[in-house]
Each structure stands twice: as structure tokens, then as C-alpha cells.
Amino acid sequence: MKYVINNAFLTNKNVDILIDGNLISDILPHHQDNFPAVSKHIDASGMAVFPAFYNTHTHASMSLMRGYAEEMGLFEWLNEKIWPLEARMQREDFQAGARLAYLEMIKSGTVFFNDMYMNADLYVPIVEQMGLRANLGFVLFDHVAHEQLEDEIQRTLEIPRSDRVQFSMNPHAIYTVNSDNYLYCAAQARKHHFRMHTHLAETQQEWNDCVAQFGMTPVKYLKQLGILNKNLTIAHAIYIDDEDRALLAESKTVISHCPCSNLKLSSGFFKMKAALDAGCRVTLGTDGNSSNNNLDMREEMKLAALLAKATSQPENMTAEIALKIATRNGAEAFGIHAGVIKKGYLADMLLVRLDDVAMCPSHNVVSNWVFSANTSLIDTVICDGKILMQNHHVEGEEEIMKEAAERTRILCRRK
């Protein structure tokens, strides 16, 4: 498929962008005679083009739990509300939750997500149908038998999929997974050429317990196990010291910073400047929308930037840096040649309306997008060259929301 995006605002000028297949084939200053052989055109007059978002830590199917467990810290939230409800979830609940989450991500400009949830085989067809990119995980707790997880891996790998779908081994956290099972996950990741994804250093209690049990910080514990590497994503990383940051930078381990969830669960403050100064690979994630309570990466980007300013100096987190962390950093962390609007890159992009009070005046359109806009201004979402949303509408969105509401009612009545 070949088409042209006409008259989009990009870096202080209006351009025409040629999409050929899944690539940005060319970008030229806007002129009505550009690309005359292409019959399909999208009029982007009055819109800016931005890279799409890459959500590096979430729990998609937990969308059915939005607002279900409030005003709790992490461990009370998990033990008293989330895990008991998850135990009652059935196949149809997981699928309905996934569709609702994927819809919410598309509507808010996200084209890739790194998921940590059970039953990965249920999600591959939905990701493919809805046109997103995803890293789907095989989640391990100590109570899950290896044979059960290996069966899930085998079932999932037998499902036809595009290169938009990749996988990881996901040991949940150091307080739910012992060292032998972390090493088992690492072995499975090497065997299948998967990535790895885990929660780490999220709360003061986790840090205290780790130091008490192992005599070292959570980061040093994974270092001792030989697990820190460029294919590992650690979610949160709030309780890390300078030595931890040096280890994460040296190993090229990916940090997924989740500011909204960290604040809502009173987990703590991630030190953005210290991590960037140490050379850490920092990306952004929403966490699940049962602890956020949405999957809005633009909101995450703004909050991450404001927290970085508040905990250091205002000049230490520009709008441009915040946008890069939410887009290009996430894409690069997962080996996706995208996250920037340039010739030769994958066509993952957003068209954002400028005809709104939040975007006026336009002294700095990137600053407006990071600090003053909202995702209702996203007109068009493109992933891998395919248009997933246009005129802020996704095909079938009404049915997806109706199904999610009905499955939630059934789930909450189930004993």
C-alpha cells in the first residue's frame, strides 16, 4: 500500500510524507505536485505529525479492573483485591479486557506495548487483528509449574503472527519468584530468543526485604544471578542507588518508568536525572490501568517531565527529551526501527489537530504536545503503515466497550 500524508506540520514546516508499505519512503516540503503517481492522499492540513508512543510496561487485560481497587498500597492492593479477582477470570474476560486496553491505547496514540499478563496465546490474534505492535509475556510465579508455562509457550508459538509480535519471559518480581525460577526464565529466554521483563525495586518494602534476605539491593541481586542485560526490561526501578544505576547502564538494561502508577500506589519517586546522567536506558510505561487508571502515554510523558523538573531543575527535562523518552527510546529498546519521523523509518505516527485552544499559540508545538494538549486531539494513528484510527474513531470501538462492560458485570458476580 502506498499513500501520501499531505501538508502535515513537522519541525516548523509543512511537509508531504510518502508511505510505501510499512516505511516512510520520502518526506518533502509541501507542494501540490509532490508524488503525482500516488492516488491515495490524506489531508493533514491543520495537523502536526508526531511519532507514536511505545508503552514499555503494562498489564493490558487488567483494564476490566479499572477503579476496582482504590486507596491502597501495592501489597494490600495485590493480595486483597487484584489477585482474588484475577483468580475468577475466564478466557472471555481476558480477551475482552485485552480488546478494551488495545482500543484505549490506539485512541491515545500508542502503537506498541510490552505486556505482562497470563495466557499470551489469547492475545496474539487480537493484536494482529487490531494492527498493533506488542511484546507479549509468559508470566511466572513460584506457584506456576514449569510444564504449564511451557505448554503456554508452545501453544502461542504455533499461532501464525507477523513480525509486529514478539515475546518475553516475565518472572513477576523478586518477592513472588525465587532465584531458581529467575534462572529458569533466563534459560527459556535464551532457548527461544525471547526478551525478559520483571518488576524491580518498586517499593521500599521490596528493597528492605531484599537487603534483609540476600544482603544486597534488588538490582545487585539480579546482577548476581547474571540476568542484567540489554534484553531485560525492569519496571519501576524507584529504589536504586548510584551503584545500581551504574550496573544498569553498563548492562544496558531497560528501565520502564511508570510515574502515574508510582504516585497512585504511593510507591515513591523515580530519579530521572540521576538515571539519565548515569547513562541508563529510560523508557515510559503506564503500568496497568487498574493502578493508573488509564493507558494514556501522553499523560505519562507530561507527568514524567514534571516530576523530573520538580526533583532536579526545570532545564533538566525539556519537552523534546520527554517526547524522545516516550517514543524513540521505547522503540529502540525493543529493536523497532521507529519512534522518529524520518525517511527510512517504520511508519508509526500520529496526526494531531492544531485547531484547539490547547495548541494555540504555537511558539513550540512539541512543548504544546507534551505539556498542554490531550489525546482527544489525535485525529489519526498509523502503525506499520496501516491506519488504525482516523477522525478519532476506531472501527468497532462501540462493540468493544459494550463487550467489556458486560464481561465485567459477569466477572464481578462470579464466586
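## Cis peptide bonds

Pro361 sits in the loop that runs between β14 (349-353) and α14 (365-372). Have a look at the bond leading into Pro361: Cys360 and Pro361 are joined by a cis peptide bond, with omega at about -5°. Keep in mind as you browse that this is a predicted model.

There is also a cis bond from Asn292 to Asn293, where omega is near 15°. Asn293 belongs to the loop between β13 (281-284) and α11 (297-310).

## Positive phi without glycine

Asn7 isn't a glycine, yet its phi is positive, near 65°. You'll find Asn7 in strand β1 (residues 2-10). With a relative accessibility of 17%, Asn7 counts as buried, because the cut-off for that label is under 20%.

Thr11 is another non-glycine residue with a positive phi, this one about 50°. Thr11 lies in the loop between β1 and β2 (13-20). Its relative accessibility is 59%, so Thr11 counts as exposed.

## Aromatic pairs

Searching the whole structure turns up 10 aromatic pairs. One of them is Phe138 with Phe167, a tilted pair with 5.6 Å from centre to centre and 35° between the planes. This pair ties together distant parts of the chain: Phe138 is in strand β8 (residues 133-140) and Phe167 is in strand β9 (residues 165-171), with the two 29 residues apart. Both Phe138 and Phe167 are buried.

If you'd like a group of rings to pick out, try Phe50, Phe53 and Trp369, which form one aromatic cluster.

## Cysteines without disulfides

How many disulfides does a search of the whole structure find? The count is zero. Take Cys210: its sulfur has its closest cysteine sulfur in Cys185, and at 17 Å that is too far for a bond, since a disulfide needs the two sulfur atoms within 2.5 Å. Cys210 has 2% relative accessibility, so this residue counts as buried.

Cys280 is in no disulfide either, and the nearest cysteine sulfur, which belongs to Cys258, is 15 Å away. Is Cys280 buried or exposed? At 8% relative accessibility, Cys280 counts as buried.

Definitions and conventions. Residues numbered from 1 in each chain as written. Predicted model: local features only at pLDDT ≥ 70, side-chain atom pairs only at ≥ 80, totals over all residues. Heavy atoms only, no water. Phe/Tyr/Trp six-rings, centres within 6.5 Å; stacked < 30°, edge-to-face > 60°. Helix = DSSP H or I, 4+ residues; strand = E, 2+ residues; numbered from the N terminus. Buried < 20%, exposed > 50% of the residue type's maximum accessible area, 1.4 Å probe, protein only.
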